[in-house]
Amino acid sequence: MVSTGDSAPDISATVANGEVEAFELSDHLGDGPVVLAFFPGAFTPPCSNEMVALQEHLDDFEAAGATILGVSADSAFSQNAFREEHGLEFSLVSDMGRDAIDDYGVRIDIEDLGLLGVANRSVFVLDDDGEVTYSWVADDPTNEPDYEELLDAAESA
């Protein structure tokens, strides 16, 4: 699992930003901190709560120069519908191949919901050089991160 002090693995995927486009994490480094918020699945209550909470704090993160990116195994088309339903103004990375989920070491199965090979709820803050300066991984995927602690980490990156 990726942890604080590690170099963040690059991510090559698609991104849902209202459109569906190619995405490379390395293209977003060097412009301020990057907050990668991995979540199990769009349209589930805990994930909706987390993404809405990040949206509610978006101005604070942007004031810190940070870019928020949600990451899940959902298709970019589902993610765009999820973004629209919840008024999310930040992009969501579609990791349908689970490469990023595996590279960051956050793959889990939530068997009672039929969710296999999804991302455990986790957050990584990357600095301009792609070093992980903060990491949090949920003990239980229904738990949400401490948003004030996360904002402090972004401001310090």
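This report covers the sheet, two helices packed on it, and one buried glutamine.

The structure is a predicted model: local features need pLDDT of at least 70, side-chain atom pairs count only at pLDDT 80 or more, and totals for chains, interfaces and linings use all residues. Residues are numbered from 1 along each chain as its sequence is written, and side-chain values use heavy atoms, with hydrogens and water left out.

**The sheet**

Helices (H or I, at least four residues) and strands (E, at least two) are DSSP runs, numbered from the N terminus. Two strands pair if DSSP finds at least two bridges between them. Here, 7 strands make an open sheet with mixed pairing, in the order β2-β1-β5-β4-β3-β8-β9. Strands β2 (20-24) and β9 (132-137) stand at the edges. Each has a single partner strand, so one side of each lacks a neighbour in the sheet. From one strand to the next, the twist averages 25°. Axes are lines fitted to C-alpha atoms, for helices over the stretch in contact, and angles run from 0 to 180 degrees between N-to-C directions.

Four of the pairings are listed here.

| Strands | Sense | Bridges | Residue pair |
|---|---|---|---|
| β1 and β2 | antiparallel | 5 bridges | threonine 14 opposite alanine 22 |
| β1 and β5 | antiparallel | 3 bridges | threonine 14 with serine 94 |
| β4 and β5 | parallel | 4 bridges | valine 71 opposite valine 93 |
| β3 and β8 | antiparallel | 5 bridges | leucine 36 opposite phenylalanine 124 |

Strand β1 covers residues 12-16, and β4 covers residues 67-72. Strand β3 spans residues 34-38 and β8 spans residues 122-126. β1 and β2 form a hairpin with 3 residues between them. In its turn, glycine 18 has a positive phi of about 100°.

**Strand β5 and helix α3**

Strand β5 spans residues 91-94. Ser91 and Val93 point one way; Leu92 and Ser94 point the other way. All are buried, meaning under 20% relative accessible area, with exposed over 50% and partly exposed in between (1.4 Å probe, protein chains only). Leu92 is also the bridge partner of alanine 16. In β4, valine 71 stands opposite valine 93 of β5. The chain crosses from β4 through helix α3 (residues 76-86) to β5, and this β-α-β crossover is right-handed. That is, with the strands pointing away from the viewer, the path from the first strand over the helix to the second runs clockwise.

Helix α3 lies across β1, β2, β4 and β5, and runs at about 155° to β5. Glutamine 79 is found in α3. Is glutamine 79 buried or exposed? Its relative accessibility is 0%, so glutamine 79 counts as buried. Glutamine 79 touches Ala16, Ser72, Asp74, Leu92, Val93 and Ser94, not counting residues up to four places away in sequence. Contact means heavy atoms within 4.5 Å.

**Helix α5**

Helix α5 (residues 147-156) packs on the sheet and touches β3, β8 and β9. Its direction makes about 20° with that of β8. Tyr147, Leu150, Leu151, Ala153 and Ala154 of α5 are buried. These residues cover an arc of only 160° around the axis, which puts them on the same side of α5. The arc is that of the directions from the helix axis to the C-beta atoms. The buried residues of α5 pack against β3, α1 (45-56), α2 (58-63), β8 and β9.

Aspartate 146 caps the N-terminal end of α5. One of its side-chain oxygens lies 3.1 Å from the backbone nitrogen of glutamate 148.

Definitions and conventions: A polar contact is a pair of N or O atoms within 3.5 Å; within protein, one must be able to donate a hydrogen and the other to accept it, and residues adjacent in sequence count only if both atoms are side-chain atoms.
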